[in-house]
Each structure stands twice: as C-alpha cells, then as structure tokens.
Amino acid sequence: MDTQNVGKAHTGGICLVDNEQCPKLEKAAIKIQAWWRGNMVRRTLLHAALRAWVIQCWWRSMQAKTLEQRRRLALRVYTCQEWAVVKVQAQVRMWQARRRFLQARQAACVIQSYWRWHASQTRGLIRGCYEVRASRLELDIEILMT
C-alpha cells in the first residue's frame with residue numbers, strides 16, 4: 001500500500017479501499033513508519049555510541065602511553081641523580097682516605113727521621129771479646145744501647 005495514498009485518503013484524496021478501512025490503514029502506516037524511524041534512530045545511536053567508545057579507548061591508551069613515558073623519564077632522571085650522588089660520595093671518601101694516608105705517611109717519615117737522628121747521636125757502647133784458637137776465630141760482640 002502506498003503511504004501517499006493513505007495520507008490522501010485522510011485528507012479527502014483517493015483511497016483504493018473502502019472508506020471504513022482508510023483510517024485503520026493510516027494508523028497502521030503511521031505505526032510502521034514510527035517503528036522504522038525508531039529502528040533507524042536506534043541504529044544511528046548505536047553506531048554513534050560504538051564510535052564514541054572506540055575514540056574513548058584510543059584516548060585512554062594515549063593517556064596511558066603518555067603517563068608511562070613520563071614515569072620512565074622521571075625514573076631515568078632519578079637514576080642519573082642517584083648515580084651522580086654516589087660518584088660524588090665516592091670521590092669525597094677517596095679524598096678523605098688519601099688525606100689520612102698522606103698524614104700517616106708524613107708522620108711515619110717524621111718519626112723515622114727523628115729515630116735515625118737519635119740513633120746516630122747516641123751510638124751504644126760496643127763491647128766484645130775475641131779469642132784465637134787453633135784455626136778459627138771466635139768472636140762475641142755485645143752491643144748496648146743506652
């Protein structure tokens with residue numbers, strides 16, 4: 001049945017069926033058209049919702065990637081800073097240990113120089129006795145340091 005003819009039937013146009021069925025056909029046609037338009041609207045809304053869902057998924061993945069990049073960059077910066085701190089601490093500890101070693105070496109040199117001077121100034125008395133027997137020499141030396 002042509003919907004244009006149904007519309008004309010109501011307005012006084014030509015109706016192919018008898019006058020009693022024209023209002024029923026018009027109501028049926030209106031129901032069918034409403035059902036079809038509702039299906040089309042629902043299909044359009046479904047497609048729009050699916051497209052929005054795809055865009056939202058893409059946007060969330062982009063945000064996650066950006067967050068991961070920022071996290072890795074922050075971790076890299078933190079690691080570099082920690083490594084620099086460790087290097088500086090190692091250098092300071094090495095400098096302190098070397099300074100202590102040089103002080104100890106200098107103190108040892110001073111002690112040795114005073115000991116050598118003292119030893120040269122205060123040579124001990126050398127006492128000894130010797131005997132000559134047949135073919136060998138017996139020597140007994142005693143050094144006293146005072």
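In the predicted model, the side chains of Arg71 and Glu68 form a salt bridge, with an N to O distance of 2.6 Å. Both residues belong to helix 2, which spans residues 22-121. They sit three residues apart, or about one turn of the helix. Arg71 is partly exposed, at a relative accessible area of 45%. Glu68 is also partly exposed. Its relative accessible area is 29%.

Glu68 has a second partner. Its side chain meets that of Arg72 in a salt bridge of 3.0 Å, again taken from N to O. Glu68 and Arg72 are four residues apart in helix 2, about one turn of the helix. The shared partners join Glu68, Arg71 and Arg72 into one network. The count for the model comes to two salt bridges. In general, side chains of opposite charge can pair when their charged atoms come close.

A nonpolar patch was found on the surface. Leu46, Leu50, Trp53 and Val54 make up this patch. Together they offer about 420 Å² of accessible area. Leu46, one of these residues, is found in helix 2.

Cysteines were examined next. The search covered the whole structure and returned zero disulfides. A pair would need its sulfur atoms within 2.5 Å to count. Cys57 is partly exposed, with a relative accessible area of 32%. Cys109 also counts as partly exposed, at 41% relative accessibility.

Confidence in the prediction was then considered. The protein chain has a mean pLDDT of 82. In this chain, 70% of the residues reach 70 or more. Helix 2 has the highest confidence, at 94. The lowest confidence falls in helix 1, residues 3-11, where the mean is 49. Within the chain, residues 6-10 have a pLDDT below 50. Beyond near neighbours in sequence, this stretch has 10 contacts in the model. Where pLDDT is low, the predicted coordinates should not be read in detail.

The salt-bridge network of Glu68, Arg71 and Arg72 can be set beside these values. Glu68 and Arg71 both lie in helix 2, as does Arg72. Helix 2 is the part of the chain where confidence is highest.

Key
Residues are numbered from 1 along each chain as its sequence is written. This is a predicted model: local features need pLDDT of at least 70, side-chain atom pairs count only at pLDDT 80 or more; totals for chains, interfaces and linings use all residues. Side-chain values use heavy atoms; hydrogens and water are left out. A salt bridge is a side-chain nitrogen of Lys or Arg within 4 Å of a carboxyl oxygen of Asp or Glu. Helices (H or I, at least four residues) and strands (E, at least two) are DSSP runs, numbered from the N terminus. Buried means under 20% relative accessible area, exposed over 50%, partly exposed in between (1.4 Å probe, protein chains only). Patches are made of residues with over 30% relative accessible area and no salt bridge: like charges are joined within 9 Å, nonpolar side chains (Val, Leu, Ile, Met, Phe, Trp, Tyr) within 5 Å. Accessible areas come from the Shrake-Rupley method with a 1.4 Å probe; for residues, only the protein chains shown count as cover. pLDDT is the predictor's confidence in each residue, from 0 to 100. Contact means heavy atoms within 4.5 Å.
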